[in-house]
Amino acid sequence: MKENNMVFDKIIFGLELALFLILPFVVCWSNTPTNILNSNSLFKLLETIGILGSVIILLVGIPVGITGIIKAKRMIKLRKTTLVLSIINLAAGSIKILIILAMFCAVVFGGASV
């Protein structure tokens, strides 16, 4: 039974690390102007990775962050690293949700058009 828990802990750590490695691509994609993204095929790849990473962080960031914080108590070697990655993933998922809520409020209450 302990081995199954250890494998699950390693899977959670791997998911957190994967989400953390997607973050720089999402940040680069969001800060690059559209005309530059359309200029080169490598920038098209960056756009694809950025969009997919953004959706993955939106859907998976908060649950993996919460699960990582809960499971970090039992981890021996990866406790601090798991806590840091969990907080980063939780913050990234929360920021994505806050951006969507801000856009919704701007359209509904401010009359902004998208």
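Colleague: Where in α3 does a kink lie, and what is its angle?

Modeller: In this predicted model, the kink in α3 lies at Val60 and amounts to about 45°. The proline Pro63 follows shortly after Val60. The angle is taken between axes fitted to the seven residues ending at the residue and the seven starting there.

Colleague: How do you know what confidence the predictor places in the helices?

Modeller: The pLDDT runs from 0 to 100. Helix α4 (residues 79-110) has the highest mean among the elements, 90, and helix α1 (residues 2-31) the lowest, 83. For the protein the average is 86, and 94% of the residues score at least 70.

Colleague: Why is Asp9 called buried, and what is Arg74 called?

Modeller: Buried requires under 20% relative accessible area, and exposed over 50%. Asp9 has 8% relative accessibility, so Asp9 counts as buried. Arg74 has a relative accessible area of 41%, which falls between the two limits, so Arg74 is partly exposed.

Colleague: What makes the pair of Arg74 and Asp9 a salt bridge?

Modeller: The cut-off is 4 Å between a side-chain nitrogen of Lys or Arg and a carboxyl oxygen of Asp or Glu. The side chains of Arg74 and Asp9 meet at 3.3 Å, N to O, so the pair satisfies the criterion. Asp9 belongs to helix α1 and Arg74 to the loop between α3 and α4, so the bridge ties together parts that are 65 residues apart in sequence. The structure holds one salt bridge.

Colleague: How do you know that Lys96 has no salt bridge?

Modeller: Lys96, in helix α4, is buried, and the nearest side chain of opposite charge, Glu47, is 13 Å away. The limit for a salt bridge is 4 Å, so Lys96 and Glu47 do not form one. Leaving aside residues up to four places away in sequence, Lys96 touches Val26, Ser54, Ile57 and Leu58.

Colleague: What makes up the largest nonpolar core?

Modeller: Six residues make up this core: Leu19, Leu23, Val26, Ile57, Val64 and Ala92. Helices α1 and α3 (41-71) each supply at least two of its residues, and α1 gives the most, with three. Ile57 touches Leu19, Leu23, Val26 and Ala92, among other residues beyond four places away in sequence.

Colleague: Which residues of α3 are buried?

Modeller: The buried residues of α3 include Ile57 and Val64, both also in the core. Among the others are the glycines Gly50, Gly53, Gly61, Gly65 and Gly68, together with Leu46, Ser54 and Lys71.

Note on methods. Residues numbered from 1 in each chain as written. Predicted model: local features only at pLDDT ≥ 70, side-chain atom pairs only at ≥ 80, totals over all residues. Heavy atoms only, no water. Helix = DSSP H or I, 4+ residues; strand = E, 2+ residues; numbered from the N terminus. Core = buried A, V, L, I, M, F, W, Y, C linked by side-chain atoms within 4.5 Å. Buried < 20%, exposed > 50% of the residue type's maximum accessible area, 1.4 Å probe, protein only. Contact = heavy atoms within 4.5 Å. Lys, Arg positive; Asp, Glu negative; His and termini not counted.
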